[in-house]
Amino acid sequence: SKIGEGGMGSVFLAEHTKLSRKVAIKNLHDVLVKNDEIRQRFRNEAQAMAKLQHENIVNLLDFEENENGLYLIMEYVDGAPLDELLKANSIPADQSLEIVRSVLEGLKYAHKKDIIHRDIKPGNILIQSDDMSPKILDFGIAKMLGTDNSMTKTGTQMGTVYFMSPEQVKGEKV
């Protein structure tokens with residue numbers, strides 16, 4: 001069943017039949033599958049996620065590509081995006097601080113792996129139902145330092161305006 005949708009793709013809840021566990025599958029929208037630049041951006045997201053194994057980052061389990069589409073197979077996180085939780089009710093200060101601390105730990109880890117997310121916002125942070133711990137997701141515009149995989153050029157803005165770093169807003173190197 002569909003559990004999410006964004007500008008480039010949809011996310012579905014599925015069952016990994018060989019492992020008998022739930023997974024989330026993100027696929028590229030059909031209208032974008034033939035676009036080589038967008039296909040490469042999706043591949044880059046898979047490569048960035050493959051380098052990351054952290055308790056506060058959604059884990060990539062597999063990546064599939066064929067003529068019909070591209071698919072990220074990720075761990076399924078039972079929870080809700082932080083932005084939805086904030087709209088529904090407030091989060092106590094002590095719990096908020098723990099969420100922020102955990103997100104920062106995940107970002108610190110990614111930075112040590114030379115990956116800059118570039119689209120951190122409440123909608124890209126899932127809060128797990130069981131313990132309220134966060135998981136960062138959507139590395140679609142992540143930058144991997146030291147590689148030539150950049151899909152953005154200086155002067156190009158990518159990300160969500162309200163959450164962009166000053167460098168992103170100015171179209172400068174992040």
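Which residue of β2 stands opposite Glu-5? The partner of Glu-5 is Ser-10 in β2, and this pair opens the series of close-up views below.

All views show a predicted model, in which local features need pLDDT of at least 70 and side-chain atom pairs count only at pLDDT 80 or more, whereas totals for chains, interfaces and linings use all residues. Residues are numbered from 1 along each chain as its sequence is written, and side-chain values use heavy atoms, with hydrogens and water left out.

**View 1. The fold as a whole, with its helices and strands.** The protein has four helices and ten strands (DSSP runs numbered from the N terminus, helices being H or I of at least four residues and strands E of at least two). Followed along the sequence, these elements give the pattern β-β-β-α-β-β-β-α-α-β-β-β-β-α. The radius of gyration, taken over C-alpha atoms, is 16 Å, close to the 16 Å that the globule rule gives for 174 residues, so the protein is as compact as a globular protein of that length; the rule is 2.2 Å times the number of residues to the power 0.38. Along the principal axes, the C-alpha atoms fill a box of roughly 45 × 45 × 30 Å. Of the 174 residues in the protein, 41% are buried (under 20% relative accessible area, against over 50% for exposed and in between for partly exposed, with a 1.4 Å probe and protein chains only).

**View 2. The five-stranded open sheet and its edges.** The strands of this sheet follow the order β1-β2-β3-β5-β4, and their pairing is antiparallel (two strands pair if DSSP finds at least two bridges between them). Because β1 and β4 (60–66) stand at the edges with a single partner strand each, one side of each is left without a neighbour in the sheet. Neighbouring strands are turned by 25 degrees against each other on average, direction ignored (axes are lines fitted to C-alpha atoms, for helices over the stretch in contact, and angles run from 0 to 180 degrees between N-to-C directions). At one edge, β1 and β2 pair in the antiparallel sense over three bridges, and here Glu-5 faces Ser-10 in β2. At the other edge, β4 and β5 are joined by a hairpin through two residues, their antiparallel pairing runs over six bridges, and Phe-63 stands opposite Leu-72 in β5. The loop between β5 and β6 holds Tyr-76, which counts as partly exposed at 25% relative accessibility. The C-alpha atom of Tyr-76 is separated by 22 Å from that of Ile-115, a residue 39 positions away along the chain.

**View 3. The three-stranded open sheet around β8.** Here the order is β6-β8-β9, again with antiparallel pairing. The edge strands β6 and β9 (134–136) each pair on one side only, and the twist averages 30 degrees from one strand to the next. Three bridges join β6 to β8, and Pro-81 stands opposite Leu-126 in β8. On the other flank, three bridges link β8 and β9, where Ile-125 has Ile-136 as its bridge partner in β9 and Ile-127 stands opposite Pro-134. The hairpin of β8 and β9 has five residues between the strands, and within this hairpin Met-132 takes a positive phi near 60 degrees.

**View 4. Side chains along β8, with Gln-128.** Ile-125 and Ile-127 point one way from β8, while Leu-126 and Gln-128 point the other way, and all are buried. Gln-128 lies in this strand, which spans residues 125–128, and counts as buried at 17% relative accessibility. From C-alpha to C-alpha, Gln-128 is 14 Å from Ala-24, although 104 residues separate the two in sequence.

**View 5. The largest pocket and its lining.** This pocket has a volume of about 950 Å³. A pocket is an open set of points on a 1 Å grid over the protein atoms alone, where a 1.4 Å probe fits, with protein on both sides within 12 Å along at least five of seven lines, and lining residues have an atom within 4 Å of a point; points are joined across faces, edges and corners, and the volume is the space filled by probe spheres set on them. The lining comprises 36 residues, of which Val-11, Gly-123, Asn-124, Leu-137 and Asp-138 lie nearest the centre of the pocket. Elements giving two or more residues to the lining include β2 (9–16), β3 (21–28) and α1 (36–50). By class, the lining has 17 nonpolar, nine polar and ten charged residues (Ala, Val, Leu, Ile, Met, Phe, Trp, Tyr, Cys and Pro count as nonpolar, Asp, Glu, Lys and Arg as charged, and the others, Gly among them, as polar).
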